[in-house]
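Thanks for sharing this one. I have put my notes together as numbered points, so please read them with the model open beside you.

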Amino acid sequence: MAPTVFEVYQRSKKRVDINSFTEWVARPLAAVLVARVAETRVTPNQLTLASALLCIVAATYLAIGPLWALPAWGFALLFLASFVLDCADGQLARWRAIASPAGHLLDYLMDELKATLIYVSVAVHMWLRDGAAHWLLLGCVGGLCVATGTAMTTFLRRTEITLAPSTWTPEGDPATLAPAHGVLGAIRFAAEWLGRQVIHYPQYIWLLALAARLDLYLWVYGGACALYVGKTALGMLRRFG
């Protein structure tokens, strides 16, 4: 007997999710898909790769949009569907109790490649729309920050660097924030919470697409990644330098 959507959602979602949009919008939609494929031969890794493929389609759609007068909300729908698939892969793995470090790493790799791809595609979109070369420059600099942040995170998560046993769980990396102690701790907590809303699969991008203000995404997302790279670089310099 096929499981119900509610059963799938309750048993496959993370106990502590990365943000409210993921928990209350993307995962319920993903649970609908997981309930349909739970008894089939579809694998979590196939959903991961399908999410990446759909993101490529979304990025291509956005990049050529100004040339063909394609509405930006079409990109937003494709990008949201890609995010739903990205949630569904982990939920399917947890539902079947087959979650693995390898699957989680593949999911993380695809997510970060998609983040860089979307950022560059938005820059190309703005360049083709306005004809201003500074959008390409911003795409190069911001895209470099996105990719550098990814590389730093991957490096610092290695057990050889953390000098601790792997903390991997079927939910992947914990979605918790460091507790706040004192005024500085509260400021750090607030900054980290806001950073997660901005950087993690920017769920607000569809709003900017509908408002025809994707330029704000370039500045906000790129700026957040640049701050993360600067903060992480200082920490690495202190530790290794």
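Which residues of the largest nonpolar core touch the most other members? I start there and then move on to single residues, one helix and the charged pairs. Please keep in mind throughout that this is a predicted model.

1. **The core.** The largest nonpolar core has 51 residues, and those touching the most other members are Phe75, Ile118, Val122, Leu214, Tyr217, Leu218 and Tyr221. Two or more residues come from each of these elements: H1 (5-12), H2 (20-37), H3 (44-68), H4 (72-96), H5 (101-130), H6 (134-157), H9 (205-210) and H10 (214-240). The most generous contributor is H4, which gives eleven residues to this core.

2. **Tyr221.** It is worth centring your view on Tyr221, one of the core residues that touch the most other members. Leaving aside residues up to four places away in sequence, Tyr221 touches Ala115, Tyr119, Val146, Val198, Ile199, Pro202 and Tyr204.

3. **Helix H6.** How many residues does H6 have, and how far does it reach? The helix has 24 residues and reaches 34 Å from its first C-alpha to its last, close to the 34 Å expected at 1.5 Å a residue. Its buried residues include four glycines you may like to look at, Gly139, Gly142, Gly143 and Gly149. Also buried in H6 are Trp135, Leu138, Cys145, Val146, Thr150, Met152 and Thr153. Among the elements that cover the buried residues of H6 are H5 and H10. One contact already mentioned fits in here: Val146, buried in H6, is touched by Tyr221.

4. **Asp107.** This residue deserves a second look. Asp107 lies in helix H5, and it is buried yet has no salt bridge. The nearest side chain of opposite charge belongs to Lys114, 5.7 Å away, whereas a salt bridge needs a nitrogen-to-oxygen distance within 4 Å. Beyond residues up to four places away in sequence, Asp107 touches Thr48, Asp86 and Asp89.

5. **Glu23.** Here is another acidic residue, this time in helix H2. Is Glu23 buried or exposed? Glu23 counts as buried because its relative accessible area is 17%, and the cut-off for buried is under 20%. Apart from residues up to four places away in sequence, Glu23 touches Tyr9, Lys13, Asp17 and Pro28.

6. **Salt bridges.** A search of the whole structure finds seven salt bridges. One of them joins Asp130 and Arg129 at 3.0 Å, N to O. Asp130 is partly exposed at 40% relative accessible area, and Arg129 is partly exposed at 41%. Glu160 and Arg158 form another, at 2.8 Å, N to O. Here too the partners are partly exposed, with Glu160 at 48% and Arg158 at 45%.

7. **Arg213 and Asp215.** The side chains of this pair meet in a salt bridge at 2.9 Å, N to O. Arg213 is partly exposed, with a relative accessible area of 38%, while Asp215 is buried at 11%. Elsewhere, salt bridges that share partners join Asp86, Asp111 and Lys114 into one network. Two members of that network appeared under point 4: Asp86 is touched by Asp107, and Lys114 has the side chain of opposite charge nearest to Asp107.

Methods. Residues numbered from 1 in each chain as written. Predicted model: local features only at pLDDT ≥ 70, side-chain atom pairs only at ≥ 80, totals over all residues. Heavy atoms only, no water. Core = buried A, V, L, I, M, F, W, Y, C linked by side-chain atoms within 4.5 Å. Buried < 20%, exposed > 50% of the residue type's maximum accessible area, 1.4 Å probe, protein only. Contact = heavy atoms within 4.5 Å. Lys, Arg positive; Asp, Glu negative; His and termini not counted. Expected span 1.5 Å × (residues − 1).
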